[in-house]
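This report describes the interior, the enclosed space and the cysteines of one protein chain. Please keep the sequence and the model at hand while reading.

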Amino acid sequence: MADTEQGNQTSVAEFILLGFGDLVDLQILLFLLFLVIYIVTVTGNILIVALIVTDQHLHTPMYFFLGNLSCLETCYTSTILPRMLVSLLTGDRTISVSGCIAQFYFFGFLVTVECYLLSAMSYDRYLAICNPLNYAAIMNNAICSQVAAGSWMTGFLVSIIIIFLISQLTFCGPSVIDHFFCDFTPIIKLSCSDTHMMELVTFMLTFITTLPPFLLTLATYVYIISTILRIPSTTGKQKAFSICSSHLIVVTIFYGAIMIVYMLPKTDTLRDLNKVFSVLYTVLTPLVNPLIYSLRNKEVKEALRKAVRKCLAFTRM
């Protein structure tokens, strides 16, 4: 009987992303705001990558991982913001089921990779502060390349498995997603298939692949902070803290927002704030990363000055 009823249901071909549709009078303002954010984010992250590639002084493990992170942030924001901008400008909030699943794939893929890259960067800072004598031997080019490749490959494989499972689901209404992008929970709620096994597999995969890098990041900063506090001189403490402060700010924003969105109970208050906190880690984190690393980092600022001087000298020729 269940199979017959399911066979009589009409399959949904597209979803409706409500986004910020309830803020009718602010659509143009939100479009302009997110457009500026998108342009600044992409420009800033591409600039970071260009500086790291062209400046020999930035050919170090920390900046190698930062370059990977900036590439990731460019793709990450391009997965979500262009679709949101079209929606705000035209009012068309529909997205095909395949397009929604594809958006979630790239979102999940890139979030997983970011967890590993942030973990690798925190371990790099741990070695630089807590074990400087062995830093060069441990963080060599081969190890850095393997860690970066492993991060991208892990995100790819985990997301491919989850997307394969989602693609087996049937969607037969309702078709409204009260979000500005296609996330896992809203998609699953729209399925009329039995999703219990898929949710269990997805939870296990997510738990296995994201908890270790989070715990490693947490452990390294416990060691880093305890080491900094044992430094006798105030100048030494400030110098050591300046080495990892930028990365610590990024990690705090990223994991803080994710924990609020995915781990806290879904009370009415938090449900209303869910979109706000989602904006924090999907839109603002890619924006502030290049700003934090450039404004708080002497090497990046110096590389930028050199690049500007070269550009000015070239234009005067």
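## A residue in helix α4

Is Phe 109 buried or exposed? The model, which is predicted, gives Phe 109 a relative accessible area of 12%. The cut-off for a buried residue is under 20%, so Phe 109 counts as buried.

Phe 109 has its place in helix α4. Leaving aside neighbours within four places in sequence, the contacts of Phe 109 are Trp 152, Gly 155, Phe 156 and Ser 159. Between the C-alpha atoms of Phe 109 and Thr 235 there are 41 Å, and the two residues are 126 residues apart along the chain.

## Nonpolar cores

The largest nonpolar core comprises 79 residues. Within this core, the residues that touch the most other members are Phe 15, Phe 34, Met 84, Phe 104, Ile 166 and Phe 171. Helix α4, residues 97–130, supplies the largest share of the core with 16 residues. A second, separate core has six residues, among them Ile 129, Ile 224, Ala 240 and Cys 244.

Phe 104 can be followed through its partners. Not counting residues up to four places away in sequence, Phe 104 touches Ile 162, Ile 163 and Ile 166. Phe 104 also touches Cys 182, Asp 183, Phe 184 and Ile 187.

## Enclosed space

Rolling a probe the size of a water molecule over the atoms reveals where empty space remains. In this structure there are two cavities of 30 Å³ or more, and the largest cavity holds about 110 Å³ of space.

The lining of the largest cavity includes Leu 17, Leu 18, Gly 19, Phe 20, Gly 21 and Gln 27. Arg 83, Met 84, Ser 87, Leu 88, Arg 93 and Phe 180 also line the largest cavity. By class, this lining has six nonpolar, four polar and two charged residues. Helix α3, residues 61–90, contributes the largest share of the lining, namely four residues. Met 84 thus appears both in this lining and in the largest nonpolar core.

## Disulfides

The count of disulfides is two. With the bonded cysteines numbered in sequence order, the pairing is 1-3, 2-4.

One disulfide joins Cys 100 to Cys 182, with an S to S distance of 2.0 Å. Cys 100 lies in helix α4 and Cys 182 in the loop between β3 (176–177) and α7 (184–189), so the bond ties together parts that are 82 residues apart in sequence. The torsion about the S-S bond is about -120 degrees, and the disulfide of Cys 100 and Cys 182 is therefore left-handed. Cys 100 is buried, at 0% relative accessibility, and Cys 182 is buried, also at 0%.

The other disulfide joins Cys 172 to Cys 192, again with S to S 2.0 Å. Cys 172 sits in the loop between α6 (141–167) and β3, and Cys 192 in the loop between α7 and α8 (196–229), so that distant parts of the chain, 20 residues apart, are linked. Cys 172 is buried at 18% relative accessibility, whereas Cys 192 is partly exposed at 24%.

## Further cysteines

Why is Cys 144 without a bond to Cys 71? The sulfur of Cys 144 lies 15 Å from the closest cysteine sulfur, in Cys 71, which is too far for a bond. Cys 144 is buried, at 3% relative accessibility. Cys 130 is partly exposed, at 25% relative accessibility.

Note on methods:
Residues numbered from 1 in each chain as written. Predicted model: local features only at pLDDT ≥ 70, side-chain atom pairs only at ≥ 80, totals over all residues. Heavy atoms only, no water. Core = buried A, V, L, I, M, F, W, Y, C linked by side-chain atoms within 4.5 Å. Buried < 20%, exposed > 50% of the residue type's maximum accessible area, 1.4 Å probe, protein only. Helix = DSSP H or I, 4+ residues; strand = E, 2+ residues; numbered from the N terminus. Contact = heavy atoms within 4.5 Å. 1 Å grid on protein atoms, 1.4 Å probe; cavity = no way out; pocket = protein on both sides within 12 Å on 5 of 7 lines; lining within 4 Å. Points joined across faces, edges and corners; volume = space filled by probe spheres on them. Nonpolar A, V, L, I, M, F, W, Y, C, P; charged D, E, K, R; others polar. Disulfide = S-S within 2.5 Å.
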